[in-house]
There are 4 protein chains.
Amino acid sequence: MGYRHPFPLRWNDNDQYGHMNNTVYYEAMDTAVNTWLIRHGGLDPAGDVIGLARASSCEFLAPASFPEELEVDVAVGRLGRTSITWDLAILRAGAPDRSEAYATGAFTHVFVDQVGRRPVPVPEAIRAAVERHLPLPPTA
Amino acid sequence: MGYRHPFPLRWNDNDQYGHMNNTVYYEAMDTAVNTWLIRHGGLDPAGDVIGLARASSCEFLAPASFPEELEVDVAVGRLGRTSITWDLAILRAGAPDRSEAYATGAFTHVFVDQVGRRPVPVPEAIRAAVERHLPLPPTA
Amino acid sequence: MGYRHPFPLRWNDNDQYGHMNNTVYYEAMDTAVNTWLIRHGGLDPAGDVIGLARASSCEFLAPASFPEELEVDVAVGRLGRTSITWDLAILRAGAPDRSEAYATGAFTHVFVDQVGRRPVPVPEAIRAAVERHLPLPPTA
Amino acid sequence: MGYRHPFPLRWNDNDQYGHMNNTVYYEAMDTAVNTWLIRHGGLDPAGDVIGLARASSCEFLAPASFPEELEVDVAVGRLGRTSITWDLAILRAGAPDRSEAYATGAFTHVFVDQVGRRPVPVPEAIRAAVERHLPLPPTA
């Protein structure tokens with residue numbers, strides 16, 4: 001259970017301090033979640049309902065650097081009525097767990113209709129895929 | 001008092017949803033703060049002491065889109081011994097204040113020595129520039 | 001006559017060699033041309049006819065580096081029936097001419113219908129704007 | 001013989017026309033070549049001799065789109081005394097050959113000393129690796 005998205009670095013991901021720039025961690029989170037939504041939740045980016053970023057955050061714990069191969073570990077922090085908050089970690093490829101994560105982060109998608117961009121319920125296919133495939137937080 | 005950093009958008013900042021991608025807001029914050037540090041605080045990115053990102057976050061309030069011209073409003077949320085947390089907003093160029101911000105965010109820099117990358121006190125020139133030029137939060 | 005597009009650099013434009021990464025020159029060219037097309041040629045990126053990149057090239061002459069402010073000088077190399085080849089240079093902001101360009105490049109747009117993406121004639125508004133506002137090469 | 005570098009796309013690689021932006025092809029070429037140089041030619045980006053981009057070009061043949069997985073096919077167009085011109089193609093992952101390439105391109109590196117940035121001969125380890133592992137053009 002769970003999902004790991006491979007995320008190899010690119011030459012231009014390193015900034016002038018010689019390590020992966022902080023903005024690239026967000027590219028990793030955005031890419032991992034959207035790929036999972038497309039492949040497992042039936043998201044069609046050209047379809048009627050899409051997920052827009054409402055908030056995101058990241059804590060940087062250790063430096064990564066091209067040409068490393070990274071992975072994004074995808075879990076769910078909160079499954080709401082119209083939004084999902086993803087619970088994410090950036091890891092060395094093949095790392096056994098989050099204990100040595102390069103970074104941990106959160107990313108909140110609100111689902112909207114593509115035209116009017118007003119919130120709509122999380123599509124059933126996505127809700128079902130989340131419940132079947134991803135770690136959810138313990139209910140309080 | 002305060003600092004506004006101009007941030008014109010680029011063609012490739014828009015993603016397939018036709019608006020500025022969420023990761024670009026972080027490029028805006030990172031660029032505004034580092035430019036200010038170089039021009040007003042004497043930061044030399046090739047020098048002995050540099051500022052590394054420890055954490056960042058952003059709340060997305062309204063969509064922006066190329067070819068808009070944006071501005072980043074830079075204030076200080078917390079001036080610590082070895083770190084500064086910036087209090088930022090992304091605005092339409094020329095917006096009078098933050099009331100219609102496209103996004104608000106935070107960005108924490110920890111200052112380290114370039115070689116060993118261990119925390120060091122915020123350089124005096126930067127501390128003095130912050131106190132002289134930027135809005136600080138009211139002391140509790 | 002002619003068009004200069006301001007292009008301030010971003011922190012993450014510098015790669016680990018401490019200068020503007022080669023891919024950013026293409027962001028500059030793409031951005032300058034599309035902004036001109038939108039503002040002067042009536043291009044609507046969500047409209048019926050759009051311009052797609054068919055080819056591009058760049059020669060890198062001298063290094064640029066954040067926090068420099070650059071400009072893209074836009075001219076026309078060839079105005080064809082369904083395509084335009086732009087003749088571009090990346091300059092220090094305010095540079096009098098191309099004699100000290102950081103880079104020179106070319107960028108060929110082919111105009112297509114948005115849905116089928118088949119070549120169509122250069123829209124009249126764009127052709128007229130090019131002929132009125134931009135330097136064209138001498139006819140052979 | 002030859003080298004294929006995997007290049008999965010990222011969410012933000014797609015621009016508002018819904019396909020991989022033209023600048024990302026250059027990220028792919030730059031990343032493939034530098035990874036090969038580091039892993040097979042002994043290039044140390046923090047070492048004495050580095051390779052800087054002198055020129056690049058790309059012809060865009062067919063659109064690619066996130067979440068595709070691409071590959072860069074790396075060959076050598078010209079092995080000079082102080083420079084190498086790479087002969088590159090962007091392919092669908094697993095494509096048998098270049099017949100259906102999304103794009104073909106060239107990228108010229110000139111080797112320089114890191115400090116003075118003056119041309120130096122192609123390092124022996126790189127020259128040997130090129131001759132052993134990569135397809136070279138037929139001698140005229």
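Biologist: In this model, what makes S2(B) and strand S5 (residues 103-113) of chain B count as paired strands?

Modeller: The model is predicted, and in it S2(B) and S5(B) share 11 bridges, running in the antiparallel sense. Two strands pair once DSSP finds at least two bridges between them, so these two qualify. One of the bridges can be named: Cys58(B) has Gly105(B) in S5(B) as its partner.

Biologist: And how do you know that strand S2 (residues 49-60) of chain A pairs with strand S2 (residues 49-60) of chain B?

Modeller: The requirement is at least two bridges, and these strands have five, so they count as a pair. Their sense is antiparallel. Across this pairing, Glu59(A) stands opposite Ala55(B).

Biologist: How much area is buried between chain A and chain B, and how many salt bridges does the rule find there?

Modeller: About 1,900 Å² is buried between chain A and chain B, with carbon and sulfur atoms giving 51%. Each of these chains brings 25 residues to the contact. The rule finds zero salt bridges across that interface.

Biologist: What about chain D and chain B?

Modeller: There the buried area is about 910 Å², and carbon and sulfur atoms give 51% of it. On the chain D side, Trp11(D), Asn12(D) and Gln16(D) lose the most area to chain B, together 61% of what that side buries. The contact takes 10 residues from each of the two chains, and the salt-bridge count across it is again zero.

Biologist: Why are Glu27(C) and Arg10(B) called a salt bridge?

Modeller: Side chains of opposite charge can pair when their charged atoms come close. The cut-off is 4 Å from a Lys or Arg nitrogen to an Asp or Glu carboxyl oxygen, and here the N to O distance is 2.9 Å, so the pair passes. This pair crosses between chains, from helix H1 of chain C to the loop between S1 and H1 of chain B. Over all chains, the count comes to 32 salt bridges.

Biologist: Which residues are closest to the centre of the largest cavity?

Modeller: The largest cavity has a volume of about 400 Å³. The closest to its centre, out of 32 lining residues, are Glu27(A), Asn12(B), Glu27(B), Glu27(C) and Glu27(D). Helix H1 (22-40) of each of chains A, B, C and D gives two or more residues to that lining.

Biologist: What makes you class that lining as you do?

Modeller: Asp, Glu, Lys and Arg count as charged, so the Glu27 residues from the four chains fall in that class. The whole lining has 14 charged, 14 polar and four nonpolar residues.

Biologist: How does the lining of the second largest cavity divide by class?

Modeller: It has 10 nonpolar, five polar and five charged residues. Nearest the centre lie Phe7(B), Pro8(B), Leu9(B), Pro6(C) and Pro8(C). Phe, Pro and Leu count as nonpolar, so these five belong to the nonpolar class. About 150 Å³ of space lies in this second cavity.

Biologist: Where are there cis peptide bonds in chains C and D?

Modeller: One joins Phe66(C) and Pro67(C), with omega about 10°, and another joins Phe66(D) and Pro67(D), with omega about 5°. Pro67(C) sits in the loop between strands S2 and S3 of chain C, and Pro67(D) lies in the loop between strands S2 and S3 of chain D.

Conventions. Residues are numbered from 1 along each chain as its sequence is written. Chains are lettered from A and ligands numbered from 1 in the order in which they are written. This is a predicted model: local features need pLDDT of at least 70, side-chain atom pairs count only at pLDDT 80 or more; totals for chains, interfaces and linings use all residues. Side-chain values use heavy atoms; hydrogens and water are left out. Helices (H or I, at least four residues) and strands (E, at least two) are DSSP runs, numbered from the N terminus. On a 1 Å grid over the protein atoms alone, a cavity is a set of points where a 1.4 Å probe fits but cannot get out, and a pocket is an open set with protein on both sides within 12 Å along at least five of seven lines; lining residues have an atom within 4 Å of a point. Grid points are joined across faces, edges and corners, and a volume is the space filled by probe spheres set on the points. Contact means heavy atoms within 4.5 Å. Buried area is the accessible area (1.4 Å probe) that two parts lose on being put together, summed over both. A salt bridge is a side-chain nitrogen of Lys or Arg within 4 Å of a carboxyl oxygen of Asp or Glu.
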